[in-house]
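The following report describes side-chain contacts and solvent exposure in a single protein model. Please read it alongside the sequence and the coordinates.

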Amino acid sequence: MVIRTFELRIRLNFSSSIDAERDQQLHRKLRDQAYWLLENLIPSHVLTELKNSGTYHRDHKNVAVCFASVVNFQDFFDAKWKHGHESIRILNELISDIDELLNIEKYSKHIEKIKTALGCTYMAASGLVHEDPDHIFIMMEFLFDIKKVLDQFNRNTMGFEFQMKYGCHVGSVASGVIGQSAPMFDIWGDTVNIASRMMTTGIVGRIQVLKETVEAIESRYATEKRGTVFVKGKGEIETFFVTNPKL
């Protein structure tokens, strides 16, 4: 009887050890998945400070902010086409193709994707991490590469041509992480607002900027004057289009 009880205890302890190991493996897996998700939502340098201090906020003096927006997605969206799921899947493919650009070393080093706003507007910024004065040129390359991605995507899409507007501005921003249960990294400031207005008041297929940005990129990029455009909160402002890299 004693031996039988001892054997039973050994089996129970062994079973408990196996359950504990399984729980630890599950915990490690969930933890790794959580970190992976956070690393895709929050820049790595921000995540490091969040782990150490629990908060993050910074001021930045020289940042390039860009917006690239699909302006005719609603013309493409069909709620009757698999309840709209197929339309959203195709939009996701386009946004994912743009995301792939950030795997290129020069972009991954200098450019942070901020978010996809309202499903159709891609927002990114350069100069948040590295104080390299060339980051503005890299942002311009990124915008021209987005245009190439869009052209390629349209060639492979079923007879529909997605259209995008582009806007960019250079200046000061504040960055930070908001929320705990669903933390989100974002940037704020007049620079962000102007970059957004450059996109919304722009023309399909063109990268619209103000004079400040022209002065920052004119050594490597050609521009053309558009004229004056009414910008909310700013009034009538002279704007320009970035046309192409200088040879």
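In this predicted model, a polar atom of the Thr157 side chain lies 2.7 Å from the backbone oxygen of Phe153, a polar contact in the sense of a pair of N or O atoms within 3.5 Å, where within protein one atom must be able to donate a hydrogen and the other to accept it, and where residues adjacent in sequence count only if both atoms are side-chain atoms. Thr157 is placed in the loop between H6 and strand S4 (164–178), helices (H or I, at least four residues) and strands (E, at least two) being DSSP runs numbered from the N terminus. With a relative accessible area of 13%, Thr157 is buried, a term that stands for under 20% relative accessible area, while exposed stands for over 50% and partly exposed for values in between (1.4 Å probe, protein chains only).

Residues are numbered from 1 along each chain as its sequence is written. Because the model is predicted, local features need pLDDT of at least 70 and side-chain atom pairs count only at pLDDT 80 or more, whereas totals for chains, interfaces and linings use all residues, and side-chain values use heavy atoms, with hydrogens and water left out.

Phe153 also belongs to an aromatic cluster, in which ring pairs link it with Phe73, Phe76, Phe77, Phe160 and Phe162. Rings of Phe, Tyr and Trp (its six-membered ring) pair if their centres lie within 6.5 Å, and planes under 30 degrees apart count as stacked, over 60 as edge-to-face and the rest as tilted. By this rule the count comes to 10 aromatic pairs. The rings of Phe144 and Tyr221 are stacked, because their centres are 5.9 Å apart and their planes stand at 15 degrees. Phe144 lies in helix H6 and Tyr221 in strand S7, so this pair ties together parts that are 77 residues apart in sequence. Both partners are buried, Phe144 at 14% relative accessibility and Tyr221 at 6%. Phe160 and Phe162, by contrast, pair edge-to-face, at 5.2 Å centre to centre and with 70 degrees between the planes; Phe162 is buried, with a relative accessible area of 1%.

Side chains of opposite charge can pair when their charged atoms come close. The search of the whole structure finds 11 salt bridges, each a side-chain nitrogen of Lys or Arg within 4 Å of a carboxyl oxygen of Asp or Glu, including those tabulated here.

| Salt bridge | Closest N to O distance |
|---|---|
| Arg58 and Glu49 | 2.7 Å |
| Glu86 and Arg89 | 2.4 Å |
| Glu141 and Lys106 | 2.4 Å |

Glu141 lies in helix H6 (residues 135–155) and Lys106 in helix H5 (residues 105–110), so this salt bridge ties together parts that are 35 residues apart in sequence. Glu86 and Arg89 both lie in helix H4 (residues 85–101), three residues apart, about one turn of the helix, and together with Glu93 they are linked in a network of salt bridges. Glu86 is buried at 15% relative accessible area, whereas Arg89 is partly exposed at 37%. In the remaining tabulated pair, Arg58 is partly exposed at 36%, as is Glu49 at 24%.

Elsewhere, Lys232 is exposed, with a relative accessible area of 62%, and is found in the loop between strand S7 (221–231) and strand S8 (235–245). The C-alpha atoms of Lys232 and Arg197 are separated by 7.6 Å, although these residues stand 35 residues apart along the chain.
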